[in-house]
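Trainee: Hi! Could you walk me through how the helices pack in this one?
Mentor: Happy to, let's pull it up.

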Amino acid sequence: EFRQAQEFMKEEDWRHALDLLQYADQVSPGLVPVLFYTAVCHFRLEDWDEAEYVAQRALKLCSREEDKDAKEQLETLIKQLPMARVAKSMQKAREFMDREQWGKALEVLDDVLEKDVTLLAALFYKAVCHFRNGDWNEAEETARGALAQCGKGDKEIKEQLKTLLEQIPLAKRAAAIKPITEAIEREDWDDGIETANN
């Protein structure tokens with residue numbers, strides 16, 4: 001069963017592999033390799049809750065030296081779950097951003113952040129959407145909040161957030177000057193003076 005399940009996994013036939021692995025677990029319960037591959041199949045099939053449940057179950061059984069590799073891989077799989085759960089939503093948000101539909105992207109990102117308020121990528125995108133929408137205060141608030149959560153491994157996103165924060169005052173000024181410039185281009189001097197005074 002186990003070898004056949006591995007063959008199915010090589011072919012990325014996760015459903016058939018899972019059926020065999022679940023049968024193998026019934027016959028010989030608690031074998032770490034069987035549980036590890038079962039967790040992987042659930043992960044690939046996007047059954048996140050099952051993947052987490054089986055991975056945690058397998059992790060508790062990793063007590064021998066030969067389970068060291070499986071333990072590391074299980075820990076990695078568990079760490080990837082939060083991001084995997086929201087990967088589709090993040091992709092959807094990026095698609096809206098590519099089409100410059102900032103409001104729609106923000107709706108998706110808010111849903112993502114409702115599930116995990118600390119997700120840095122979602123916070124960064126949210127700050128960018130607010131920025132592109134001209135919501136300067138929200139952009140700044142979101143970017144500062146994300147920056148405060150950056151750890152040692154988040155160097156790249158940290159730099160992007162800092163750059164965004166530097167851009168906000170400049171963009172604010174440019175937005176304030178734009179109607180004046182437009183009035184001057186139209187040679188509407190009265191409107192230009194009035195706008196500048198406001």
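Mentor: One term before we start: an axis here is a line fitted to C-alpha atoms, for helices over the stretch in contact, and angles run from 0 to 180 degrees between N-to-C directions. Also keep in mind that this is a predicted model.

Trainee: Got it. What angle do α3 and helix α5 pack at?
Mentor: About 20°, with the axes of α3 and α5 11 Å apart. Angles under 35 degrees count as roughly parallel, so α3 is roughly parallel to α5.

Trainee: And is the crossing of α3 and α5 left-handed or right-handed?
Mentor: Left-handed.

Trainee: Which residues in α3 meet α5?
Mentor: On the α3 side, Val-32, Phe-36, Ala-39, Val-40 and Phe-43. Across from them, α5 brings Ala-70, Gln-73, Leu-74, Leu-77, Gln-80, Leu-81 and Ala-84. By class, that contact has 10 nonpolar and 2 polar residues, with no charged ones.

Trainee: Switching helices, how do α2 and α3 pack?
Mentor: Helix α2 covers residues 14–27 and helix α3 residues 32–44; they pack at about 150°, and their axes are 9 Å apart. Therefore α2 is roughly antiparallel to α3.

Trainee: Which residues make the contact there?
Mentor: From α2, they include Trp-14, Leu-18, Leu-21 and Asp-25. From α3, Val-34, Tyr-37, Cys-41 and Arg-44 are among them.

Trainee: How many charged residues does the contact of α2 with α3 have?
Mentor: It has 2 charged residues, along with 9 nonpolar and 3 polar.

Trainee: And which hand is the crossing where α2 passes α3?
Mentor: That crossing is left-handed.

Note on methods
Residues are numbered from 1 along each chain as its sequence is written. This is a predicted model: local features need pLDDT of at least 70, side-chain atom pairs count only at pLDDT 80 or more; totals for chains, interfaces and linings use all residues. Side-chain values use heavy atoms; hydrogens and water are left out. Helices (H or I, at least four residues) and strands (E, at least two) are DSSP runs, numbered from the N terminus. Angles under 35 degrees count as roughly parallel, over 145 as roughly antiparallel, 65 to 115 as roughly perpendicular and the rest as oblique. A crossing is left-handed if the near helix is turned anticlockwise from the far one by less than a right angle, and right-handed if clockwise. Contact means heavy atoms within 4.5 Å. Ala, Val, Leu, Ile, Met, Phe, Trp, Tyr, Cys and Pro count as nonpolar, Asp, Glu, Lys and Arg as charged, and the others, Gly among them, as polar.
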